[in-house]
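Hi,

Here is the structure I promised to send over. Have a look at it first, and then read on for my notes on what turned up in it.

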2 protein chains.
Amino acid sequence: MRREITGFSNPTVKLLKSLRDKKHRKREGLFLAEGLRLLTDARASGRLPQMLVMANGRDPHPLLEALEGDVLASGGEVIVTSADILSKITGKDNPQGVAGVFAEFDTSLSALDRSSANIWLVAQALRDPGNLGTMLRTGDAVGAGGLILIDDCADPFSVEAVRASMGAVFTQGIAQAGWNEFLGWLRAGEGQLVAASLREAVPYRGAPYAAPCFVMVGNESRGLPEDYELACDLRVTMPMKGRADSLNAAVAAAVLAYEVLASLEG
Amino acid sequence: MRREITGFSNPTVKLLKSLRDKKHRKREGLFLAEGLRLLTDARASGRLPQMLVMANGRDPHPLLEALEGDVLASGGEVIVTSADILSKITGKDNPQGVAGVFAEFDTSLSALDRSSANIWLVAQALRDPGNLGTMLRTGDAVGAGGLILIDDCADPFSVEAVRASMGAVFTQGIAQAGWNEFLGWLRAGEGQLVAASLREAVPYRGAPYAAPCFVMVGNESRGLPEDYELACDLRVTMPMKGRADSLNAAVAAAVLAYEVLASLEG
């Protein structure tokens, strides 16, 4: 179905705008992604929005027309509105002229097939949605299977995380679990759990990484709890030559993940 | 001098609050840093705030007392105010109870001594202050000499960049220059300019890095201009195994910088 919306107070506009808030995303089971690039990546990964929202007057684009056709063919809705209303929905000054509303995915551990990839990223209590999105993007780059969110992490379906993921939210598996649930799942199959640590750790270059390798980083302020580190199969250290004793969490995950990739493929 | 401020409309409060805005930072030549950890790192690096702002009723701390003593001894000012006013100044819901006002540093290229470090980071038109701060933090970790900002970058003295740098804004050199000015400076001495690129590039692992090595990343959306890439001494590629063709800029800088570090020290 295709329809036009012209008023800020339209209930659909209110619903879409409410999706910037986690509580409403969870209640509706929906999330927002902006921009033709992201929506095209989603389509290429077999994910179509339930609702496609376009600003009127935007330049025609063959990819947008293809997307619109697919959304309508799959029974979804296409909404045409003003650039002002679209920017109110996405909360961004320069909206990209198009946004999509997607159903949130199944994020249970059982939906992951650990044998499908050599590398998996694990984030524990990561609070910054930008860091989560960046980890998804890095995971895509290193050929990871997905990102597992342990304990109380930021929402991977927030607009900020989706944006920072640059489309990887659609290509990477995403699971959410408590620590004990994750550890039980991990130990029920193959898998090496690796963390950057200062405790009885070996240098990260040349460490004995093994697939499937689960690369874990901890909360931005506190790092990983000690017992989580001790439960790891391998603790590695990266050189810290300055005053600081840690890296940004998404940076640490990336430096480690690229080392694991080189080690497993070398 | 030590004084107490109780009113939101106090001119000093207005001045401090205005430092969240780049225009005012430039006009005053001042910037803000929050938190005891950051201020202690600054002090250890020989940088004292001109003005130390503390919330009344905060727990006493020997490091804070030492800092207060040093600021007063150096002719600086100590201001005691309410937690509410402090949070209004820093624009953060949970202020850390203390903030400092610092004079901006000399950011001319001539202030850098390229022989003082094997690695330097270079950011071209990076727009995200969080990315700049993260690059400073990474630079500290790999023992870089500093961060050189080319063309129109975000402000490294913004509250967001200072926060993300985790204190590295005080330990890393920072220079700002246009591309031609930078290239002239670079070619007037030793230095290898390296960028991640898809053009006639070699694998980033095992590439012939040489000190002092200048690791350059480009704008978040557009990457580096082609002529900038062509001016590099070495173009390297990192594996991209997924749909995306690039990494987050601060992540790319870190993966490359750690590779350079391992290569130069190995």
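To compare the copies, they are superposed by least squares on the C-alpha atoms of residues with pLDDT of at least 70 in both. That score is there because this is a predicted model, so please read everything below in that light.

First, the symmetry. Two copies of a chain are related by a rotation about an axis and a shift along it. Here, a turn of 180 degrees with a shift of 0.0 Å along the axis lays chain A on chain B, and the RMSD is 0.0 Å. This is the relation of a two-fold axis.

Next, how the chains meet. Contact between them involves 31 residues of chain A and 31 residues of chain B. On the side of chain A that touches chain B, helix 3, helix 6 (129-142) and helix 10 (249-265) of chain A each give two or more residues. By type, that side has 17 nonpolar, eight polar and six charged residues. The copies meet through the same surface, because 100% of the interface residues of chain A are also interface residues in chain B.

Within chain A, the domain assignment gives domain 1 (2-103) and domain 2 (109-265). Their C-alpha centres are 31 Å apart. Where these domains touch, domain 1 of chain A supplies 15 residues and domain 2 of chain A supplies nine. Helix 2 (22-28), strand 2 (30-34) and helix 3 (36-44) of chain A each give two or more residues to the domain 1 side, which divides into five nonpolar, three polar and seven charged residues. Helix 3 of chain A thus turns up in both places: facing domain 2 of chain A and facing chain B.

Best wishes

Technical notes:
Residues are numbered from 1 along each chain as its sequence is written. Chains are lettered from A and ligands numbered from 1 in the order in which they are written. This is a predicted model: local features need pLDDT of at least 70, side-chain atom pairs count only at pLDDT 80 or more; totals for chains, interfaces and linings use all residues. Domain bounds come from an automatic or database domain assignment. Two residues are in contact if their C-beta atoms, placed from the backbone, lie within 7 Å. Helices (H or I, at least four residues) and strands (E, at least two) are DSSP runs, numbered from the N terminus. Ala, Val, Leu, Ile, Met, Phe, Trp, Tyr, Cys and Pro count as nonpolar, Asp, Glu, Lys and Arg as charged, and the others, Gly among them, as polar.
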